[in-house]
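Reader: I would like to go through this model with you and ask, term by term, what stands behind the words used for it.

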Amino acid sequence: MCVMATIHAPVEHLEAPKLPVGESCILVIFGATGDLTRRKLVPALYNLACIGCTNPKFEVLAVGRKPRESREFADDLRQPVSTSKDVRDFDDSFWTKFSANIEYLTGDPSDPHFYPKLREKLEQKQRGGSSPNVLFYLSVPPSLAEPIIRGLGDVGLAKPDQGWARIIVEKPFGHDLASARELNAVVGSVFDEHDIYRIDHYLGKETVQNILMFRFGNSLFEPVWNRNFVERVEIVGAETLGIENRAGFYEETGALRDMVANHLLQCIALTAMEPPIAFEADSVREEKVKVFRSIRPMTVEQVAERTVRGQYGPGEIDGKAVPGYREEPGVAKDSVTETFAAIEFYIDNWRWAGVPFRVRTGKRLSRSRTEITLHFKPTPHTLFSEDREAMEPNRIVIRVQPNEGIEIDFSAKHPGTQMKASVVRMDFSYRDAFGTRSPAAYETLLLDAMRGDPTLFTRSDEVEAEWRIITPIEDAWKQLPAPDFPNYPAGSEGPELPY
């Protein structure tokens with residue numbers, strides 16, 4: 001039995017921190033007609049404007065292939081913003097004011113002749129009083145990243161005479177180590193490293209950031225955060241959703257590249273890293289890179305022993321029948337793309353030697369959740385031997401989503417005359433404790449890019465260090481015989497694991 005005890009913060013004594021404001025800039029969004037812009041970027045920008053975090057001289061220049069009028073484009077964004085779950089309070093009059101600063105520019109980012117036109121448009125706006133600073137956002141397929149970067153460099157937009165130019169590059173950063181190195185070389189030849197913002201939206205999630213505060217801001221936890229006390233670490237990124245009409249993307253990517261190669265490796269790094277000397281970009285990112293370098297690339301034999309691939313078949317989600325992966329539109333009938341991946345990593349350093357970090361992620365699982373769980377070792381001697389089963393080892397669970405928070409399981413004496421143990425759970429919830437919703441990840445990251453703070457973005461050597469871990473797994477899976485897919489029904493916990 002587990003008894004719940006909720007932790008509340010004294011809301012009346014919590015003083016809201018002063019909100020930061022981004023620098024003035026023109027945000028140029030490539031791929032402005034795409035899904036990411038409508039669902040995430042514009043709602044995040046609207047929220048930032050609502051709470052006063054955008055500079056008065058902030059504007060959006062949306063770039064897309066389809067000819068559109070600026071007013072028509074902005075009007076089409078109203079519906080997805082007004083109904084977005086990320087938008088706290090939608091107001092028609094404020095939307096009118098906000099959307100007046102959105103302009104649309106027709107152009108093909110793969111055409112080198114477009115970039116003189118883009119430069120001319122930006123110069124025209126700046127002569128009219130717009131900011132000299134430009135933030136480029138690449139909300140495009142990976143194949144378009146290189147031509148856009150080269151196009152910006154060819155017309156001098158990467159290093160302006162006045163103001164600054166920064167670029168945000170969406171994941172995936174390549175598809176293996178060689179392609180990641182190539183992309184880093186291209187973007188590094190055009191932009192300075194401190195102006196390159198490789199975005200992983202997981203790093204913008206409040207609970208992911210709170211891992212560092214929880215560990216390094218509390219003397220209670222950090223002393224036991226090591227191999228002497230922790231038996232294993234489990235990181236889960238599970239979804240009930242399928243591929244959502246993205247067969248072309250998912251067939252090329254799979255669960256390993258889509259989730260493990262970035263999001264979940266970042267969770268490992270923040271859980272395992274040493275304390276940085278300061279909470280600033282290079283100090284934090286240097287410690288994360290050290291973790292990645294301590295994870296040795298696996299041999300083919302180790303991949304066979306410590307990884308599991310899965311692909312969902314037909315099943316039920318929330319009482320509704322759903323098709324298997326191979327029945328999804330656009331998926332090959334004999335596809336061997338994995339929709340589930342489980343991997344056991346080991347970090348070969350002083351703090352974590354011998355502690356398994358078990359990562360698993362999958363589509364069409366029984367419930368959606370992202371959690372990091374530290375399982376602590378049992379006590380060396382059980383005083384209450386007659387109640388050994390009730391004396392479960394302690395756990396710390398960091399809930400990234402949903403219901404962001406942290407829970408701690410420990411044993412306590414059950415009320416009564418006997419020395420009987422029960423597991424109790426102390427539960428901290430962001431919403432209950434602070435009386436507010438956490439900002440959406442893209443709000444945090446867009447604001448940081450406008451402020452010039454790259455702490456929550458990945459550095460070039462960090463990206464390559466991640467691919468040094470993932471690429472040998474990809475290569476081994478090509479050599480090893482594929483499992484007999486499908487090997488788990490939709491709505492289940494996934495395929496059976498050896499650990």
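Author: What follows takes up some exposed and buried residues, one helix, two peptide bonds and the cavities.
This is a predicted model, in which local features need pLDDT of at least 70 and side-chain atom pairs count only at pLDDT 80 or more, while totals for chains, interfaces and linings use all residues. Residues are numbered from 1 along each chain as its sequence is written, and side-chain values use heavy atoms, with hydrogens and water left out.

Reader: Why is D318 called exposed?
Author: Exposed means over 50% relative accessible area, buried means under 20%, and partly exposed is in between, with a 1.4 Å probe and protein chains only. D318 has 72% relative accessibility and therefore counts as exposed; this residue sits in the loop between β11 (315-317) and β12 (320-322), where helices (H or I, at least four residues) and strands (E, at least two) are DSSP runs numbered from the N terminus.

Reader: Is R364 buried or exposed, and what makes it so?
Author: R364 has a relative accessible area of 13%, so this residue is buried. R364 lies in the loop between β14 (356-362) and β15 (369-376), and has a positive phi of about 55° although it is not a glycine.

Reader: How do you know which way α4 turns its buried residues?
Author: The buried residues of α4 are F114, Y115, L118, K121, L122 and K125. Seen down the helix axis, they fall within an arc of 115°, so they line one face of α4; the arc is that of the directions from the helix axis to the C-beta atoms. The face turned away from the buried side carries the exposed residues E120 and R127.

Reader: What is the span of α4 set against?
Author: The expected span is 1.5 Å times one less than the number of residues. Helix α4 (residues 114-127) has 14 residues and reaches 20 Å from its first C-alpha to its last, close to the 20 Å expected.

Reader: Which peptide bond involving P402 is cis?
Author: The bond from Q401 to P402 is cis, with omega near -10°, and another cis bond joins F485 and P486, where omega is about -5°.

Reader: What makes a space a cavity, and how many are counted?
Author: On a 1 Å grid over the protein atoms alone, a cavity is a set of points where a 1.4 Å probe fits but cannot get out, and lining residues have an atom within 4 Å of a point. By this rule there are 4 cavities of 30 Å³ or more. The largest cavity has a volume of about 80 Å³, and its lining residues include L203, V208 and K288.

Definitions and conventions. 1 Å grid on protein atoms, 1.4 Å probe; cavity = no way out; pocket = protein on both sides within 12 Å on 5 of 7 lines; lining within 4 Å. Points joined across faces, edges and corners; volume = space filled by probe spheres on them.
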